[in-house]
Amino acid sequence: MHYFQYRDRALHCDEVDVREVAEEVGTPLYLYSHRTLLRHCTNLHTAFGDTPHLTCYSMKVNGNSTILRLLAKEGIGVDIVSGGELYKALRAGFPPDRIVYAGVGKTDAEIRYALEEGILSFNVESLPELEVINGIAGRMGIRAPVGLRINPDVDPKTHPYISTGLKSNKFGISSARALESFKWAAEMPHIEVIGIDAHIGSQITTVAPFVESAEKLAGIVGSLKREGIALRYMDIGGGLGIPYHEETPPEPSEWVEAVLPAVNSTGLKVIFEPGRAFVGNAGILVVRVLFVKETEHKTFVITDGGMNDLIRPSLYNAYHEIWPVERTHADPIVADVVGPICESTDFFAKDREIPRPERGDLLAVMSAGAYGFSMASNYNARPRAAEVMAREDRFTVIREREQYEDLIRGEES
Ligand SMILES: *Cc1c(COP(=O)(O)O)cnc(C)c1O
């Protein structure tokens with residue numbers, strides 16, 4: 001569900017005419033719907049009802065500070081994967097006791113920073129990491145709160161590049177070693193073991209893999225209890241899919257209903273870490289058509305946005321709907337919608353039927369709010385796009401378009 005809709009012929013975001021934003025801010029630009037974002041936030045945050053829970057937004061998905069501040073104000077927490085994300089999360093107003101920190105490669109400096117700030121918990125991904133955290137906390141004269149991230153070996157049936165809970169993936173500690181790892185951690189003098197965690201992948205569109213993973217975690221929690229190791233929380237990760245095209249992912253409430261028996265069997269507080277489900281359908285990428293190029297084989301619609309702005313199609317062969325910002329009566333054509341970057345993987349859509357656009361027309365690449373701007377780069381020396389938030393009938397630039405000078409910062413003095 002989102003609030004990008006046509007009024008007459010013109011695409012609107014909340015009450016804002018997308019054409020007006022493009023005129024004023026230029027293209028390419030990311031445009032976010034405040035109303036959609038809040039709606040998703042409420043749906044996710046209330047899904048667990050009375051069950052003690054902490055909703056942690058996975059900020060790698062979209063780390064714009066305005067979006068972070070908005071979510072922090074709604075009382076949710078944040079799931080981070082780097083020191084930079086910790087810095088942004090704190091600046092945006094997330095209290096440290098609502099921050100969980102995952103990632104297989106935390107540096108000593110990042111671990112120290114997170115300990116100094118007093119985050120809720122590290123989700124630890126290996127035994128060597130645990131040893132390092134123990135050592136650093138020892139030198140600081142404190143105990144580090146940790147959860148162990150377990151790799152439950154569950155197939156999330158999503159794109160292989162976004163599976164994270166298979167035994168061939170680099171994430172977490174295998175469930176076979178879970179018990180011994182927890183015992184080992186519990187004996188470390190500067191570690192306080194408070195949680196268990198799993199995150200099995202992204203863009204998951206059925207509940208079964210979540211249930212399987214939560215049940216495996218609950219089983220481990222039971223074994224730990226019998227060993228006298230009592231935890232405080234069970235973190236069941238993120239990964240809730242969204243509709244990009246024809247997918248019908250479960251609603252947050254259906255998803256909660258499915259995992260709740262496993263969660264309740266432990267009596268622990270539940271943490272969950274959705275990312276994409278918050279922002280994916282709350283954002284679009286608006287691009288302008290530069291050329292329509294016909295070859296003997298194909299028609300290419302060449303836009304001023306490219307894979308440096310939105311890499312998901314190139315990286316995961318992801319499907320994004322392409323909508324005309326202004327509806328016309330033009331006949332449909334089948335075309336590749338591509339960018340200006342010097343790579344053949346620079347495309348937004350392949351062999352897609354769209355109304356024939358003309359030079360200067362605006363196109364909206366839909367469902368671009370998650371893993372969109374946060375994965376953008378300066379490849380081909382392209383300044384990164386502007387980000388804009390529409391709210392009711394107004395819009396605000398929430399990140400300025402980069403300028404050429406930004407491209408040489410730190411290279412010339
Ligand atoms: C990326 C990530 C998430 C969020 O995944 P979504 O599919 O965007 O919901 C949650 N937890 C961890 C540890 C992650 O790395």
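Strand E2 (residues 10-13) and strand E3 run antiparallel and are joined by two bridges; strands here are DSSP runs of at least two residues, helices runs (H or I) of at least four, both numbered from the N terminus. Two strands pair if DSSP finds at least two bridges between them. His 12 has Asp 17 in E3 as its bridge partner. The open sheet has three strands in the order E1-E2-E3, with antiparallel pairing. Its edge strands, E1 (4-7) and E3 (16-17), each pair on one side only.

The model is predicted, so local features need pLDDT of at least 70 and side-chain atom pairs count only at pLDDT 80 or more, while totals for chains, interfaces and linings use all residues. Residues are numbered from 1 along each chain as its sequence is written, and side-chain values use heavy atoms, without hydrogens and water.

Helix H6 (residues 127-140) has 14 residues and reaches 20 Å from its first C-alpha to its last. The buried residues of H6 (under 20% relative accessible area, 1.4 Å probe, protein chains only) include Leu 130, Ile 133 and Ala 137. An α-helix has 3.6 residues a turn, so residues three or four places apart point the same way. After H6 comes Gly 141, with a positive phi near 70°.

The buried residues of H6 pack against these elements:

| Element | Residues |
|---|---|
| helix H5 | 108-117 |
| strand E8 | 121-124 |
| strand E9 | 144-151 |
| helix H7 | 178-186 |
| strand E11 | 191-197 |

At the start of H6, a side-chain oxygen of Ser 126 lies within 3.3 Å of the backbone nitrogen of Glu 129.

Terms used: Expected span 1.5 Å × (residues − 1). Buried < 20%, exposed > 50% of the residue type's maximum accessible area, 1.4 Å probe, protein only. Contact = heavy atoms within 4.5 Å. Polar contact = N/O pair within 3.5 Å; in protein donor to acceptor, adjacent residues only side chain to side chain.
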